[in-house]
Amino acid sequence: MKCPHCLVEFHATAIIKPLDNDADGPWYIERYLCANPGCLKNILYLKNGSHRYIHGNGTWDLGNVASSRLIYPKSSSRPPVPIEVTDYIAQDYLEACLVMNDSPKASAALSRRCLQNLLLDQAGVSKGDLSKQIQTVIDSGKLPSHLAEDIDAIRNIGNFAAHPNKSISTGEILEVEPHEAEWNLEVLEALFDFFYVVPERARARKAALNAKLSDSGKPPMK
Ligand SMILES: [Zn+2]
């Protein structure tokens with residue numbers, strides 16, 4: 001399974017921790033421990049369904065699962081943030097995802113701040129107004145046209161013209177327009193891929209090729 005904390009795949013062995021029954025029947029915690037030495041965190045599911053310990057072979061016989069919920073780490077319905085993304089940017093994005101259902105306003109404030117930091121980190125914009133930073137990136141021609149349109153729509157859907165604070169104080173909690181908070185997250189995902197994941201994969205491919213070239217006594221690819 002893929003660990004929801006560190007996103008590293010590991011060979012998972014479930015440990016069952018029975019809980020008391022209620023009107024819905026038997027409950028238990030299904031626990032996994034991430035094997036990545038840099039993580040070693042619990043992954044816990046709360047499940048409702050029959051479970052019986054088989055003493056002979058030390059395993060659990062699990063019946064139909066009536067309900068299953070990941071209770072740790074707290075999850076969101078969005079895909080996980082790629083590991084290549086800079087930590088403080090990933091943190092804002094993750095929190096924007098986690099609070100999305102409870103507070104779209106808080107989510108949009110975090111995602112605007114996340115976008116601004118991403119543009120500062122990766123797109124060579126200078127500090128200041130988010131709307132102008134978006135324009136600078138679009139004008140630079142560095143983004144493929146579909147991404148340029150996506151990022152431009154952040155301003156339009158968010159109605160930045162009517163709410164200048166969205167641009168000036170990106171972390172401020174302000175009213176959100178319909179679909180604004182989700183849209184910001186969708187665009188951030190696409191930008192993560194473009195700015196962090198694709199270049200890192202290209203770098204890894206090149207490093208692997210150069211290792212092979214070096215093994216066969218050839219000069220590296222520039
Ligand atoms: Zn992990």
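Me: How many bridges join strand β1 to strand β2?
Reply: This is a predicted model. Strand β1 covers residues 15-18 and strand β2 covers residues 27-33. The two run antiparallel, and P18 stands opposite Y28 of β2. The number of bridges joining β1 to β2 is four.

Me: Which residue in β3 does R31 stand opposite?
Reply: Strand β3 spans residues 42-54. Its pairing with β2 is antiparallel and runs over seven bridges. Within β3, the residue opposite R31 is L44.

Me: In what order do the elements of the protein run from the N terminus on?
Reply: The secondary structure comprises six helices and four strands. The strands lead and the helices follow. Written out, the order is β-β-β-β-α-α-α-α-α-α.

Me: What is the radius of gyration of the protein, set against that of a compact globule of 222 residues?
Reply: A compact globule of 222 residues would come out near 17 Å. The C-alpha trace here spans about 70 × 60 × 25 Å along its principal axes. The radius of gyration of the protein is 23 Å.

Me: What percentage of the 222 residues count as buried?
Reply: To count as buried, a residue needs 20 or more other C-beta atoms within 10 Å of its own. Applied to the 222 residues of the protein, this gives 23%.

Me: Among contacts between residues at least 6 apart in sequence, what share joins residues at least 24 apart?
Reply: A contact here requires C-beta atoms within 7 Å. Taking the contacts between residues at least 6 apart, the share that joins residues at least 24 apart is 50%.

How values were computed. Residues numbered from 1 in each chain as written. Predicted model: local features only at pLDDT ≥ 70, side-chain atom pairs only at ≥ 80, totals over all residues. Pairing = 2+ DSSP bridges. Rg over C-alpha atoms; globule rule 2.2 N^0.38 Å. Buried ≥ 20, exposed ≤ 12 C-beta atoms within 10 Å, placed from the backbone. Contact = placed C-beta atoms within 7 Å.
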